[in-house]
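Welcome to this guided tour. Please open your viewer, switch to a cartoon view, and get ready to select residues as we go.

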Amino acid sequence: MKKGWLIYNKVDVNRNEYMINRLIDFFKSNHIELKLISYSEGINLENEAIKLAGNKVDFVINRSRFYEFSDAFEKQGVKVFNKARTTKICNDKFKTYKALVGVVDFMPTSFKNEVIYSGIKDEIDYPFVAKSLDGHGGEEVYLIKEKSDLEDLKRDDLLHQKLASNEGIDVRFYILGNEIVAAVKREAYKSFKSNYSLGGKVSEYLPSKEEKFMIKKILKVIDIDYGGIDFIYHNNRPVFNEIEDAVGAKMLYQTSKIDIIGMYCEYILSRIQT
C-alpha cells in the first residue's frame with residue numbers, strides 16, 4: 001500500500017478540517033494511507049524535517065508553509081506538492097517580488113534599504129502599505145497614512161509597498177497543475193484589504209486575456225501544483241500582488257460549482273501512480 005503524509009502548521013489544522021478530511025478520505029478510497037502530521041512554529045524546522053524524511057513514504061502534501069519539509073523529502077527522491085522552491089519563495093513576499101522583477105508589473109516595493117521596481121517607477125510615499133514577509137489571509141497588513149502610523153507599529157521587519165489606486169479590490173486566480181482553473185473577485189466593505197476571511201464580498205470572475213498572459217509568465221518562473229495568485233489593480237490595470245502557497249478554497253466553493261479539492265486529489269493521484 002502506498003503511503004503519504006499531509007503536513008500542516010498546527011495553528012491551521014482546525015480551520016482546514018474540511019480539506020484535511022477530503023484529502024484523507026479520497027486517498028483511503030484509493031487504498032492509499034495519508035497521515036496528518038502537524039508542527040508548531042518555533043521548532044528547529046531543519047532538524048525535524050530531516051528526522052521526518054527518514055521515514056519511508058511515497059509522497060508528501062506540504063501545506064505547512066515550511067519549505068524545510070519539502071526540501072528534506074525531495075532530497076530523498078519523494079514527490080512533494082508544492083515543491084520546496086515554490087514554498088520557499090511564495091512564503092516570503094520580498095523573495096517573490098524579486099523573482100518576478102521584469103516578468104510582470106507590481107507596485108514599487110522596499111524592504112529595509114532595498115527598493116525594487118517592475119513596470120511601475122513611482123515613489124513609495126504616504127499612504128502606503130506595510131506588511132510582513134510571511135503573512136497570509138490579510139494578516140499583518142497595515143495602511144500607513146502618516147509617519148506616526150509606522151512608528152506606532154514599532155517594527156522594522158515589514159515590507160513597504162506603494163498603495164494601488166484601485167483600493168479594496170483584488171482577484172485570486174486558482175492554479176492547479178500550473179494552469180488557471182478559476183478566479184474569484186474580492187471587494188472590501190470598509191477596508192483597503194479585500195480578504196474574504198476579513199469580511200470582503202466575493203464573486204466569480206472571468207480572467208482577461210491580459211491577466212491570463214501575465215499568469216502564464218509567472219508560472220514559467222514559479223511552478224505551482226496547487227496555489228493562488230493574487231492581482232490588485234492600479235489605474236484600472238492588473239498588477240501582481242502575491243502568491244498563496246497553501247491556498248484555501250472557501251471562496252471558490254461559495255462562488256462556483258468547481259470542486260477544486262477533488263480536482264487536486266485526482267491531480268496528486270495521477271502524479272504518484274507514474
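How many helices and how many strands does the secondary structure of the chain come to? Colour by secondary structure and count along: there are nine helices and 14 strands. Keep in mind that this is a predicted model.

**Stop 1: the whole chain**

Zoom out until everything fits on the screen. The C-alpha atoms fill a box of roughly 60 × 40 × 35 Å along the principal axes. A compact globule of 274 residues would have a radius of gyration near 19 Å, and the chain has 19 Å, so the two agree.

Now switch on the surface. About 13,600 Å² of the chain is exposed, and carbon and sulfur atoms supply 48% of that area. Of the 274 residues, 51% count as buried. Contacts reach far along the sequence too: among those between residues at least 6 apart, 60% join residues at least 24 apart.

Next, colour the charges. The chain has 42 positive and 41 negative charges, and the mean positions of the two groups are 4 Å apart.

**Stop 2: helix H3 and its surroundings**

Select residues 67–74, which make up helix H3. Which residues of this helix are buried? They are Glu-68, Phe-69, Ser-70, Ala-72 and Phe-73. In an α-helix there are 3.6 residues a turn, so residues three or four places apart point the same way.

Show what lies around these side chains. The buried residues of H3 pack against strands E1 (3–9), E2 (33–39), E3 (59–63) and E4, and also against helices H2 (45–53) and H4.

**Stop 3: aromatic rings**

Show the side chains of the aromatic residues. A search of the whole structure finds 14 aromatic pairs. Start with Phe-26 and Phe-27: their ring centres are 5.1 Å apart and their planes meet at 90°, so this pair is edge-to-face. Both Phe-26 and Phe-27 are buried. Add Phe-59 to your selection, and you have one aromatic cluster formed by Phe-26, Phe-27 and Phe-59.

Then move to Tyr-226 and Tyr-264. Here the ring centres are 4.6 Å apart and the planes are at 35°, so the pair is tilted. This pair links distant parts of the chain: Tyr-226 sits in strand E13 (residues 226–234) and Tyr-264 in helix H9 (residues 260–272), 38 residues apart. Are these two tyrosines buried or exposed? Tyr-226 has a relative accessibility of 1%, so it counts as buried. Tyr-264 is buried as well, with a relative accessible area of 2%.

**Stop 4: Glu-211**

Select Glu-211, which you will find in helix H7 (residues 209–221). Its relative accessibility is 1%, so Glu-211 counts as buried. What is Glu-211 in contact with, leaving aside neighbours within four places in sequence? Its partners are Phe-173, Tyr-205, Leu-206, Phe-231, Tyr-233 and Pro-238.

For a sense of scale, draw a line from Glu-211 to Gly-54. Their C-alpha atoms are 42 Å apart in space, and the two residues are 157 apart in sequence.

**Stop 5: backbone details**

Most residues other than glycine have a negative phi, and most peptide bonds are trans. Where can you look for exceptions?

- Phe-81 and Asn-82 are joined by a cis peptide bond, with omega about -15°. Asn-82 lies in the loop between strand E4 (79–81) and helix H4 (84–90).
- The bond from Tyr-126 to Pro-127 is also cis, with omega near -10°. Look for Pro-127 in the loop between strand E6 (114–118) and strand E7 (128–131).
- Asn-178 is not a glycine, yet its phi is positive, about 65°. Asn-178 belongs to the loop between strand E10 (166–176) and strand E11 (179–187).
- Asn-236 has a positive phi near 65°, and its place is the loop between E13 and strand E14 (237–244). With a relative accessible area of 65%, Asn-236 is exposed.

**Last stop: Leu-143**

Finish by selecting Leu-143 in strand E8 (residues 141–144). Its relative accessible area is 24%, so Leu-143 is partly exposed. Draw one more line, to Pro-207: the C-alpha atoms of Leu-143 and Pro-207 are 28 Å apart in space, with their places 64 residues apart in sequence.

Key:
Residues numbered from 1 in each chain as written. Predicted model: local features only at pLDDT ≥ 70, side-chain atom pairs only at ≥ 80, totals over all residues. Heavy atoms only, no water. Helix = DSSP H or I, 4+ residues; strand = E, 2+ residues; numbered from the N terminus. Rg over C-alpha atoms; globule rule 2.2 N^0.38 Å. Buried < 20%, exposed > 50% of the residue type's maximum accessible area, 1.4 Å probe, protein only. Contact = heavy atoms within 4.5 Å. Areas by Shrake-Rupley, 256 points an atom, 1.4 Å probe, with all protein chains shown as cover. Lys, Arg positive; Asp, Glu negative; His and termini not counted. Charge placed at Lys NZ, Arg CZ, Asp CG, Glu CD. Phe/Tyr/Trp six-rings, centres within 6.5 Å; stacked < 30°, edge-to-face > 60°.
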